[in-house]
Amino acid sequence: MAEFVRAIAASDLAPGQCVEVKVGATPVAIYNVDGTFYATSNVCLHRGGPLGQGLLEGHAVMCPWHAWSWDVKTGENVANGDLKIPTYEVKVEGGEVFVKVA
Ligand code: FES
C-alpha cells in the first residue's frame, strides 16, 4: 500500500514555483500554488518533458519543451480535458511536504 514519503522542505519551494523530485522510483513534480502544495507526474504526456522544470502560472504548469499546459490540481490538459497526467496526494507536516505515490 502506498504511503506518504517526505519529498521536500516546504520552505524550499516558494509560491509560484515548481520542482522535480523522485519519490521512490517515481519522477514527481511538486507545485506551490499560493501556499498550497500539489503533486503530479513529472512526465508530460506529449513527449515526456519534465513538468517540474516548467512555468507555473496560477494552477497551470506549462511544459518547458513544447508548452502544453496542465492543471496541477486535476492533472487535466488545459486545452484537452481528455488528456490527463497522474496526480498525487500531498500533505504538509512539520514544515515538510509529503507525497503519496499510488
Ligand atoms: S513534451 Fe511537454 S509539451 Fe511536448
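The following dialogue examines a predicted model of a protein chain and the reasons behind the terms used for it.

Trainee: How many helices and strands does the protein chain have?

Mentor: The protein chain has 0 helices and 9 strands. Read along the sequence, its pattern is β-β-β-β-β-β-β-β-β.

Trainee: What makes the protein chain as compact as a globular protein of its length?

Mentor: Its radius of gyration is 12 Å, and the globule rule gives 13 Å for 102 residues; the two values are close, so the chain is as compact as a globular protein of that length. Along the principal axes, the C-alpha atoms fill a box of roughly 35 × 30 × 20 Å. Of the 102 residues, 39% are buried. The accessible surface comes to about 5,500 Å², and carbon and sulfur atoms account for 50% of that surface.

Trainee: In what order do the strands of the open sheet of 6 strands stand?

Mentor: The order is β1-β9-β8-β4-β3-β2, and the pairing is antiparallel. The twist averages 35 degrees from one strand to the next.

Trainee: Why are β1 and β2 called edge strands?

Mentor: β1 and β2 each pair on one side only. For β1, the partner is β9, with antiparallel pairing over 5 bridges. Within that pair, F4 has K100 of β9 as its bridge partner.

Trainee: How do you know that β4 and β8 count as a pair?

Mentor: Two strands pair if at least two bridges are found between them. The strands β4 and β8 run antiparallel and are joined by 2 bridges, so the requirement is met. One residue to inspect is A39, whose bridge partner in β8 is Y88.

Trainee: What joins β8 to β9, and how many residues lie between them in the hairpin?

Mentor: The two strands pair in the antiparallel sense over 5 bridges. They form a hairpin with 2 residues between them, and G94 in the turn has a positive phi of about 60 degrees. E93, which lies in strand β8 (residues 87-93), stands opposite E96 in β9.

Trainee: Why is E93 called partly exposed?

Mentor: The relative accessibility of E93 is 45%. Buried means under 20% and exposed means over 50%, so a value in between is called partly exposed. The C-alpha atom of E93 is separated by 17 Å from that of V23, which is 70 residues away along the chain.

Trainee: Which residues have the most contacts inside the largest nonpolar core?

Mentor: That core has 14 residues, and those with the most contacts inside it are V21, V23, V28, I30 and V99. The elements giving two or more residues to this core are β1 (4-9), β2 (18-23), β3 (26-33), β4 (36-41) and β9 (96-100). Leaving aside residues up to four places away in sequence, V23 touches V5, A7, V28, V99 and V101. A second, separate core has 12 residues, including C18, V33, L51 and W70.

Trainee: What is the strand order of the open sheet of 3 strands, and what makes β5 and β7 its edges?

Mentor: The order is β5-β6-β7, with antiparallel pairing. β5 (55-57) and β7 (69-71) each have a single partner strand, so one side of each is left without a neighbour in the sheet. Neighbouring strands of this sheet are turned by 25 degrees against each other on average, direction ignored. Between β5 and β6 (residues 60-62), the antiparallel pairing extends over 3 bridges. L55 has M62 as its bridge partner in β6.

Trainee: What makes the phi of D34 worth noting?

Mentor: Most residues other than glycine have a negative phi. D34 is not a glycine, and its phi is positive, near 50 degrees. The residue is placed in the loop between β3 and β4.

Trainee: Why is D34 called exposed, and where is A67 found?

Mentor: D34 has a relative accessible area of 72%, and the term exposed applies over 50%, so the label follows. A67 is found in the loop between β6 and β7. Although A67 is not a glycine, its phi is positive, at about 75 degrees. A67 has a relative accessible area of 41% and is partly exposed, because this value lies between the limits of 20% and 50%.

Technical notes: Residues are numbered from 1 along each chain as its sequence is written. This is a predicted model: local features need pLDDT of at least 70, side-chain atom pairs count only at pLDDT 80 or more; totals for chains, interfaces and linings use all residues. Side-chain values use heavy atoms; hydrogens and water are left out. Helices (H or I, at least four residues) and strands (E, at least two) are DSSP runs, numbered from the N terminus. Buried means under 20% relative accessible area, exposed over 50%, partly exposed in between (1.4 Å probe, protein chains only). Axes are lines fitted to C-alpha atoms, for helices over the stretch in contact, and angles run from 0 to 180 degrees between N-to-C directions. The radius of gyration is taken over C-alpha atoms; the globule rule is 2.2 Å times the number of residues to the power 0.38. Accessible areas come from the Shrake-Rupley method with a 1.4 Å probe; for residues, only the protein chains shown count as cover. A nonpolar core is a set of buried Ala, Val, Leu, Ile, Met, Phe, Trp, Tyr and Cys residues joined through side-chain atoms within 4.5 Å. Contact means heavy atoms within 4.5 Å.
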